[in-house]
Amino acid sequence: MDDEVMIARRRGAMTGGTPPRRSRGRLADEVYDTLLGQLMSLRIEPGSRVTIDVLARELGVSQTPIRDALNRMEAEGLVVRVPHAGYRIPPQITRQRFEDMLELRLLLEPAAARRSAERASSKQVAGLRRMLEEMAELEGGNGLVAYGAFGLRDAAFHDLVALSAENQVIREALARLHTHVHLFRLLHDTQVTHLAMAEHEEVLAAIAARDPDAAAYAMRRHILLSGERFRRLFDEVKDADGMA
């Protein structure tokens, strides 16, 4: 659903009457989806300031669901709270920071996958499987909201691997990077979701088989291949700038 339709429904414009009363949580979810779509489409520009009162006026809702949605986005690394100034959209990732993140991920995530294969409970393996099933449902979805939701679940999958590895330091280090949030804002390509799904399946298969070496290899391969996909984007942007 695009932003205009969502907001129109919220105002009752589609029927000309009063829309059904929605719970605070449901309205916050709708605001969240709207903002996520704007963020992924870069309608909300990287580095820009976001204020609650302005968003409330633009979307025709009270400040409460706006605040709830922004709190959720802050926890996911989508926005940054600025004391006494509202929120700010993180700047687009630079090529150097991308390479630094990739290097750190190659150090941490294969080790986490190895430990996950050794330590993950059956319940945790089932949780990883459910996450991939949710991602598969989103893979064929249309629109930037579905794409953004896929990116966040991609991050959640990697977080679950780190959690099942029982190494809180690795998990916290990866969470602070919000790597996937930054990368998925760079590229809106369904091929990325398709290839990532196949690579995630290999990681999960190795963890479920209790094969530490295979899990570490599958995770390292996934990160390297993902790095190649996003590295090409930086090269394309550089070439475009050079032509300009």
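**Exercise 1. A helix crossing**

Find the handedness with which H3 passes H4 in this predicted model, and describe how the two helices pack.

*Solution.*
- Step 1: H3 passes H4 in a right-handed crossing.
- Step 2: For the geometry, take helix H3 (residues 52-59) together with H4; they pack at an angle of about 120°, and their axes are 9 Å apart.
- Step 3: Now look at the side that each helix offers. Ile52, Asp53, Leu55, Ala56 and Leu59 of H3 meet Gln63, Ile66, Arg67 and Leu70 of H4.
- Step 4: Helix H4 (residues 63-75) has further company, for this helix lies across E1, E2 and E3 and runs at about 40° to E3.

**Exercise 2. The sheet**

Work out the order of the 3 strands in the open sheet, and which strands stand at the edges.

*Solution.*
- Step 1: The order is E1-E3-E2, with antiparallel pairing.
- Step 2: Strand E1 (49-50) and strand E2 (80-82) each have a single partner strand, so these two stand at the edges, and one side of each is left without a neighbour in the sheet.
- Step 3: Zoom in on one pair. E2 and strand E3 (residues 86-88) run antiparallel and are joined by 3 bridges.
- Step 4: One residue pair to display is Val82 with its bridge partner in E3, Gly86.
- Step 5: As background, strands of a sheet pair through backbone hydrogen bonds, either parallel or antiparallel.

**Exercise 3. A second helix pair**

Determine the angle at which H5 and H8 pack, and list the residues that meet.

*Solution.*
- Step 1: Helix H5 (residues 95-119) and helix H8 (residues 168-177) pack at an angle of about 145°.
- Step 2: Their axes are 10 Å apart, and H5 passes H8 in a left-handed crossing.
- Step 3: H5 brings Met101, Leu104, Leu108, Glu109 and Ala112 to the meeting, while H8 brings Ile170, Ala173, Leu174 and Leu177.
- Step 4: Keep Glu109 selected, as this residue returns in the next exercise: its side chain makes a polar contact with the side chain of His158.

**Exercise 4. Two residues of H7**

Decide whether His158 and Ser164 are buried or exposed, and find the polar contacts of their side chains.

*Solution.*
- Step 1: Place the residues. His158 is found in helix H7, and Ser164 has its place in that helix too, which spans residues 144-164.
- Step 2: Apply the cut-off: buried means under 20% relative accessible area. His158 has 3% relative accessibility, so His158 counts as buried. Ser164 has a relative accessible area of 1%, so Ser164 is buried as well.
- Step 3: Follow the side chain of His158. A polar contact of 2.5 Å links the His158 side chain to that of Glu109, and another, of 3.2 Å, joins the side chains of His158 and His222.
- Step 4: Turn to Ser164, whose side chain is joined to that of Ser116 by a polar contact of 2.6 Å.
- Step 5: Complete the surroundings of Ser164. Leaving aside neighbours within four places in sequence, Ser164 is in contact with Arg115, Ser116, Arg119, Ala120 and Gln124.

**Exercise 5. Positive phi in loops**

Compare the loop settings of Glu166 and Arg210, and state the phi value of each.

*Solution.*
- Step 1: Recall the general expectation. Most residues other than glycine have a negative phi.
- Step 2: Glu166 is not a glycine, yet has a positive phi of about 60°. Arg210 likewise has a positive phi, near 60°.
- Step 3: Locate both. Glu166 is found in the loop between H7 and H8, whereas Arg210 is found in the loop between helix H10 (190-208) and helix H11 (212-243).
- Step 4: Check exposure. Glu166 counts as exposed because its relative accessibility is 55%; Arg210, at 36%, counts as partly exposed.

**Exercise 6. The chain as a whole**

Summarise the elements, burial and contacts of the protein chain.

*Solution.*
- Step 1: The chain holds 11 helices and 3 strands, running α-α-β-α-α-β-β-α-α-α-α-α-α-α from the N terminus on.
- Step 2: Of its 244 residues, 43% count as buried.
- Step 3: The accessible surface comes to about 12,800 Å², and 52% of that belongs to carbon and sulfur atoms.
- Step 4: Of the contacts between residues at least 6 apart in sequence, 75% join residues at least 24 apart.
- Step 5: For a pair to check yourself, pick Gly25 in helix H2 (residues 24-40). Gly25 and Ala69 are 44 residues apart in sequence and 9.2 Å apart in space, C-alpha to C-alpha.

Note on methods
Residues are numbered from 1 along each chain as its sequence is written. This is a predicted model: local features need pLDDT of at least 70, side-chain atom pairs count only at pLDDT 80 or more; totals for chains, interfaces and linings use all residues. Side-chain values use heavy atoms; hydrogens and water are left out. Helices (H or I, at least four residues) and strands (E, at least two) are DSSP runs, numbered from the N terminus. Buried means under 20% relative accessible area, exposed over 50%, partly exposed in between (1.4 Å probe, protein chains only). A polar contact is a pair of N or O atoms within 3.5 Å; within protein, one must be able to donate a hydrogen and the other to accept it, and residues adjacent in sequence count only if both atoms are side-chain atoms. Contact means heavy atoms within 4.5 Å. Accessible areas come from the Shrake-Rupley method with a 1.4 Å probe; for residues, only the protein chains shown count as cover. Two strands pair if DSSP finds at least two bridges between them. Axes are lines fitted to C-alpha atoms, for helices over the stretch in contact, and angles run from 0 to 180 degrees between N-to-C directions. A crossing is left-handed if the near helix is turned anticlockwise from the far one by less than a right angle, and right-handed if clockwise.
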